[in-house]
Amino acid sequence: MIPLVQISDVCEVIAGQSPPSDTYNQDRIGVPFFQGKADFGIMSPRVRYWCSKPTKMSKPNDILFSVRAPVGPTNINNIEACIGRGLSAIRCGAKIELNYLLHYLRANEKIIAALGTGSTFKAITIRVLKELQIPLPPLEQQKKIAAILDAADELRQKDKALIAKYDELTQALFLDMFGDPVSNPKGWEKSETINFCTSIVPGRDKPKSFTGNTPWVTTNDLVHLGTTSQSKANIGLTNNEIAEVRAKVIPKNSVIMTCVGDLGVITTNSKAMVVNQQLHAFLCTDRINNIFLMYNLSHQKSYMNMMASSTTVPYMNKTVANNVPTICPPIKLQNQFAERVKVIEEQKSIAQASAVKSEELFNSLLQKAFSGELTNF
């Protein structure tokens with residue numbers, strides 16, 4: 001049985017305190033200043049602001065813990081910096097291994113976040129943070145556990161980085177073949193998207209029941225610059241349910257994009273589906289390839305946001321969505337691009353499968369690490 005201790009028994013916990021706002025700057029005057037989660041990277045924070053009159057300071061190798069909006073995310077500080085009230089610094093003592101504690105906090109982020117209180121946004125008090133109980137095996141066991149988790153984490157991060165490289169390769173291929181579609185340096189024919197496609201605006205009513213096989217897809221289901229095949233909830237409609245809400249079925253190989261909220265999330269669909277009213281669909285003609293159009297439209301987010309109306313969230317009506325500019329190179333060239341994308345996507349899918357396995361391995365090791373199963377070696 002691994003003994004439990006409070007964080008404050010083995011660490012110093014320092015509450016952040018925001019300095020006067022007129023001392024913040026981006027002119028590198030004073031010391032680096034971290035305000036909260038917005039400053040976090042994957043492992044260590046990035047400096048966006050400096051402070052000429054620092055209050056609470058954090059040292060290198062402190063764990064920076066987000067205590068509000070949201071509660072729970074962590075980074076390891078790599079420089080001496082001032083910390084605002086959105087953060088606390090956890091400074092490990094001699095009895096606890098830094099990376100062991102970091103893995104524990106990340107593995108239990110949701111549980112810790114649930115301890116937050118507040119109506120406008122959740123926050124955790126310094127007292128609650130200090131009183132968090134953590135399993136504390138002998139130091140040598142902590143180091144071995146941390147080393148195993150570090151290696152597993154490195155593997156999954158490499159898989160994620162490889163997937164990102166494939167995404168970068170596709171974008172670079174598009175720009176190499178066609179140039180920036182906004183400035184159109186190659187002088188391709190350019191017009192409103194609707195001049196190269198037809199469009200479908202979905203019905204405005206949400207179905208009352210989902211008992212069929214035609215997927216019901218919402219904004220949260222889209223695979224940006226990929227192929228969306230079904231709802232993540234795996235729900236679908238019958239023909240009668242589609243008719244009841246006067247919905248329109250989107251044929252496969254259409255191009256679907258968000259027109260409410262985060263504008264310009266764009267996908268193609270590998271099967272017929274029904275989408276909610278926050279999405280807009282284009283049906284390609286023989287003049288434009290759907291894969292080409294998807295990447296083409298992805299470069300027009302600035303235009304979409306500029307033309308959208310906004311009350312609480314940005315919104316593009318049918319006319320604005322249809323009028324998003326599109327270049328139209330020769331269809332042969334578009335098809336060549338689509339074929340090359342297919343090859344890249346095949347390699348990317350292999351990397352994604354590997355990423356799933358490395359994520360599963362890491363999560364399995366996390367569970368074993370803090371239940372005592374990794375201490376018996």
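# Close-up views of a predicted model

**Figure 1. Strands β18 and β19 side by side in the predicted model.** Three bridges hold β18 and β19 together in the antiparallel sense. Within this pairing, V255 has T268 of β19 as its bridge partner. The model shown here and in the views that follow is a predicted one. The two strands belong to an open sheet of five strands with mixed pairing, whose order is β13-β21-β18-β19-β15. At the edges of that sheet are β13 (197-200) and β15 (227-228), each of which pairs on one side only.

**Figure 2. The other pairings of β18 and β19.** Strand β21, residues 279-284, runs antiparallel to β18 and is joined to it by four bridges, and in this pairing I256 stands opposite A281 of β21. Strand β19, for its part, is joined to the edge strand β15 by two bridges, and these two strands run parallel; here the bridge partner of T228 is N269 in β19.

**Figure 3. The two faces of β18.** In a regular strand, side chains point in alternation to the one face of the sheet and to the other. For β18 both faces are covered, with V255 and M257 on one side and I256 and T258 on the other, and all four of these residues are buried.

**Figure 4. The largest nonpolar core, with M316 in the centre of the view.** The largest nonpolar core has 37 residues, of which M257, Y295, L297, M316 and F337 touch the most other members. At least two residues of this core come from each of α5 (139-178), β18 (255-258), α7 (290-298), α9 (318-322), β24 (325-328) and α10 (331-369). Leaving out residues up to four places away in sequence, M316 touches M257, T258, C259 and L263, and also M304, A308, A321 and V324. A second core, separate from this one, has 34 residues, among them I63, V71, V128 and F370.

**Figure 5. D262 in the loop after β18.** D262 lies in the loop between β18 and β19 (266-269). Its relative accessibility is 51%, and because the cut-off for an exposed residue is over 50%, D262 counts as exposed. Along the chain D262 and A123 are 139 residues apart, and their C-alpha atoms are separated by 26 Å.

**Figure 6. D153 and its contacts.** D153 is part of helix α5, and with a relative accessibility of 10% this residue counts as buried. When neighbours within four places in sequence are set aside, D153 is in contact with M43, H103 and F362. One of these partners, H103, is among the buried residues of helix α2.

**Figure 7. The largest pocket and its lining.** The volume of the largest pocket is about 410 Å³, and 17 residues line this pocket, with R106, D153, R156, Q157 and F362 lying nearest its centre. Two or more lining residues come from each of the elements α2 (98-107), α5 and α10. By character, the lining of the largest pocket divides into seven charged, four polar and six nonpolar residues. D153, which lies in helix α5, is thus seen here from the side of the pocket, as one of the residues nearest the pocket centre.

**Figure 8. Helix α2 within its surroundings.** Because seven of its 10 residues are buried, α2 is largely enclosed by the rest of the structure. The buried residues of this helix are L98, Y100, L101, L102, H103, Y104 and L105.

**Figure 9. A second open sheet and its edge strands.** Another view shows an open sheet of five strands in the order β3-β5-β4-β9-β6, in which the pairing is mixed. Strands β3 (24-25) and β6 (57-58) stand at its edges with a single partner strand each, so that one side of each strand is left without a neighbour in the sheet. The partner of β3 is β5 (residues 49-51), which runs antiparallel to β3 and is joined to it by two bridges; in this pairing Y24 has C51 of β5 as its bridge partner.

**Figure 10. Overview for placing the close-up views.** The protein has 377 residues, 45% of which count as buried, and its secondary structure consists of 10 helices and 24 strands. Taken along the principal axes, the C-alpha atoms fill a box of roughly 70 × 50 × 40 Å. Among contacts between residues at least 6 apart in sequence, 73% join residues at least 24 apart.

Notes
Residues are numbered from 1 along each chain as its sequence is written. This is a predicted model: local features need pLDDT of at least 70, side-chain atom pairs count only at pLDDT 80 or more; totals for chains, interfaces and linings use all residues. Side-chain values use heavy atoms; hydrogens and water are left out. A nonpolar core is a set of buried Ala, Val, Leu, Ile, Met, Phe, Trp, Tyr and Cys residues joined through side-chain atoms within 4.5 Å. Buried means under 20% relative accessible area, exposed over 50%, partly exposed in between (1.4 Å probe, protein chains only). Contact means heavy atoms within 4.5 Å. Two strands pair if DSSP finds at least two bridges between them. On a 1 Å grid over the protein atoms alone, a cavity is a set of points where a 1.4 Å probe fits but cannot get out, and a pocket is an open set with protein on both sides within 12 Å along at least five of seven lines; lining residues have an atom within 4 Å of a point. Grid points are joined across faces, edges and corners, and a volume is the space filled by probe spheres set on the points. Ala, Val, Leu, Ile, Met, Phe, Trp, Tyr, Cys and Pro count as nonpolar, Asp, Glu, Lys and Arg as charged, and the others, Gly among them, as polar.
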